[in-house]
Amino acid sequence: MKKIEQQITLSYTFPVIFTWNVFDPANPALADVLRLGGARNRALLVIDSEVARLSPGLLRQIECFCQQHRPLLELVAPPLPMTGGELCKNAATVAQVHALIARHRLCRHSFVIAVGGGALLDAVGYAAATAHRGVRLLRLPTTVLAQNDAGVGVKNGINACGRKNFLGTFAPPFAVINDFALLATLADRDQRAGIAEAVKVALIRDRAFFDFLEAQRLPLAHFAPAVMEWMIIRCAGLHLQHIREGGDPFEQGAFRPLDFGHWSAHKLEDLTAGQLRHGEAVAIGIALDCLYARQQELIDAGELARIFSLLEDFGFSLGHPALAYLDPEEALADFREHLGGDLSIPLLRGIGDKIEVHAIDLPAMQRCITELLAAGREEGHAHARTGARTADGGRTA
Ligand SMILES: NC(=O)c1ccc[n+]([C@@H]2O[C@H](COP(=O)([O-])OP(=O)(O)OC[C@H]3O[C@@H](n4cnc5c(N)ncnc54)[C@H](O)[C@@H]3O)[C@@H](O)[C@H]2O)c1
Ligand SMILES: [Zn+2]
């Protein structure tokens, strides 16, 4: 027998920049990033059509930016508006981007610039990662959730074979530029959805951040820009720190702390055919796993009450009717299969502290689902916040 032990060590560096008005020709952020790619850069720019529609001056601003920065940035075609949201995560979107990459003869040193929410970034990112085995991807996230979570990491994907994110790759971007000005047109529900990922990462990683979210609950509930921006930077920072220092950036092992609350969230997104936003589903998933952690006596009643109260104060509806169709056995099996290896579910052991568990008591989880659903029905009858609080109080007494 002969054996050659092959070991490859790779190192990736990519900047995640926070700025305002990225396409203002006076803003150096984008030009600085492009210079890292060379003095001449050919690029295809794909933009979430809602962003293009709601910021009518933006396309013109992009055109001016390119004129002023030629040949640093040469768009091979006019910006391509593409419908965003969960339904764009499909093979047709990917084929459309692939066709343009081929038609305009982009190469691995060219850029795909994706401007949009997490869904569009996932789909266009997957297309960029698979054309020529990887064209440089520059992400410009336009939702709170994409800026603090979905757009800053190393994954992409589309839905296929009836499964969320069934096709996808691990592919670090060339750079990420978070332009806070792009959030101005975002609907309230999409402002709110992104806060769920901040609650998630605070709960598993950073008690002080949770205290901050609690203390700033009112301005955050009204999406006050300064506090939202601070929240985005801190949340993205914790997310990036985990990828950088967690020891498993490409998720080869079984632990997945950033997927706290996500086993049910992904299924709820499926069950509602994308009607429920990712962040809205994550808020429900967090609530469910916290109820379960309380049942398993991992957290105390006071901690559970704080978490529910915070999520409700942000305006999340935690007892969504789709919970009635959530089969925990099936959802956990799908989650385990997607992640590989043995089941590993992050659960709280306190605020800012989590453990991984490898088995879930299904009847107990089912009781938690029923309880959350019942609280949601009560909420539907009573004044939203009072009703949910009463249910929570009853539960935690
Ligand atoms: N790759 C990852 O690591 C990762 C992590 C978390 C979530 N995700 C994925 O991200 C997706 C959710 O992303 P999302 O929450 O950003 O929502 P989204 O991309 O689905 O966008 C929500 C809606 O907002 C619109 N929109 C986007 N930007 C806008 C703006 N500035 N103004 C007005 N409207 C705007 C979109 O067109 C869409 O209708 C899910 O598919 C989820 O699976 C990926
Ligand atoms: Zn998420």
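## A walk through the predicted model

The protein exposes about 17,500 Å², and carbon and sulfur atoms supply 53% of that area. Accessible areas here come from the Shrake-Rupley method with a 1.4 Å probe, and for residues only the protein chains shown count as cover. This is a predicted model, in which local features need pLDDT of at least 70 and side-chain atom pairs count only at pLDDT 80 or more, while totals for chains, interfaces and linings use all residues. Residues are numbered from 1 along each chain as its sequence is written, chains are lettered from A and ligands numbered from 1 in the order in which they are written, and side-chain values use heavy atoms, with hydrogens and water left out.

Let us start with the overall build. The protein has 16 helices and eleven strands; these are DSSP runs numbered from the N terminus, with helices (H or I) of at least four residues and strands (E) of at least two. Its radius of gyration is 21 Å, close to the 21 Å that the globule rule gives for 397 residues, so the protein is as compact as a globular protein of that length. That radius is taken over C-alpha atoms, and the rule is 2.2 Å times the number of residues to the power 0.38. Along the principal axes, the C-alpha atoms fill a box of roughly 65 × 65 × 35 Å. Buried residues make up 55% of the 397 residues, where buried means under 20% relative accessible area, exposed over 50% and partly exposed in between (1.4 Å probe, protein chains only). Among contacts (heavy atoms within 4.5 Å) between residues at least 6 apart in sequence, 77% join residues at least 24 apart.

Now step inside, to helix H5, residues 118-130. At 1.5 Å a residue, its 13 residues should span 18 Å, and its end C-alpha atoms are 18 Å apart, which agrees; the expected span is 1.5 Å times one less than the number of residues. Twelve of the 13 residues of H5 are buried, so the helix is largely enclosed by the rest of the structure. Among the buried ones are Leu120, Leu121, Val124, Gly125 and Ala128. Just after H5, histidine 132 takes a positive phi of about 55 degrees.

A little further along the sequence, leucine 137 lies in strand E6 (residues 136-141). Leucine 137 is buried, with a relative accessible area of 8%. Not counting residues up to four places away in sequence, leucine 137 touches Val112, Ala114, Gly125, Ala128, Pro173, Phe174 and Ala175. Two of these names may look familiar: Gly125 and Ala128 are among the buried residues of H5.

The next stop is the metal site. The zinc ion (ligand 2) is coordinated by Glu197 (OE), His262 (NE2) and His278 (NE2), at 2.0 to 2.1 Å. Donors are N, O and S atoms within 2.8 Å of the metal (3.2 Å for Na, K and Ca), and water is not among the atoms, so sites may look incomplete. Along the chain, the donors of this zinc ion follow the spacing E-x64-H-x15-H. Distant parts of the chain are linked here: glutamate 197 is in helix H7 (residues 188-205) and histidine 262 is in helix H11 (residues 262-271), 65 residues apart. Both glutamate 197 and histidine 262 are buried.

Glutamate 197 also forms a salt bridge with lysine 200, with the closest N and O atoms 2.8 Å apart. A salt bridge is a side-chain nitrogen of Lys or Arg within 4 Å of a carboxyl oxygen of Asp or Glu. Both partners lie in helix H7, three residues apart, about one turn of the helix, and both are buried.

Which other salt bridges can you look for? A search of the whole structure finds 24. In one of them, the side chains of glutamate 251 and lysine 155 meet at 3.0 Å, N to O. Glutamate 251 lies in the loop between helix H10 (225-245) and H11, and lysine 155 in the loop between helix H6 (144-150) and strand E7 (158-160), so the pair ties together parts that are 96 residues apart in sequence. Lysine 155 is partly exposed, with a relative accessible area of 35%.

Glutamate 269 forms a salt bridge with lysine 164, the closest N and O atoms being 3.1 Å apart. This pair links helix H11, home of glutamate 269, to strand E8 (residues 163-167), where lysine 164 sits, 105 residues apart. Glutamate 269 counts as buried at 3% relative accessibility, and lysine 164 is buried at 10%.
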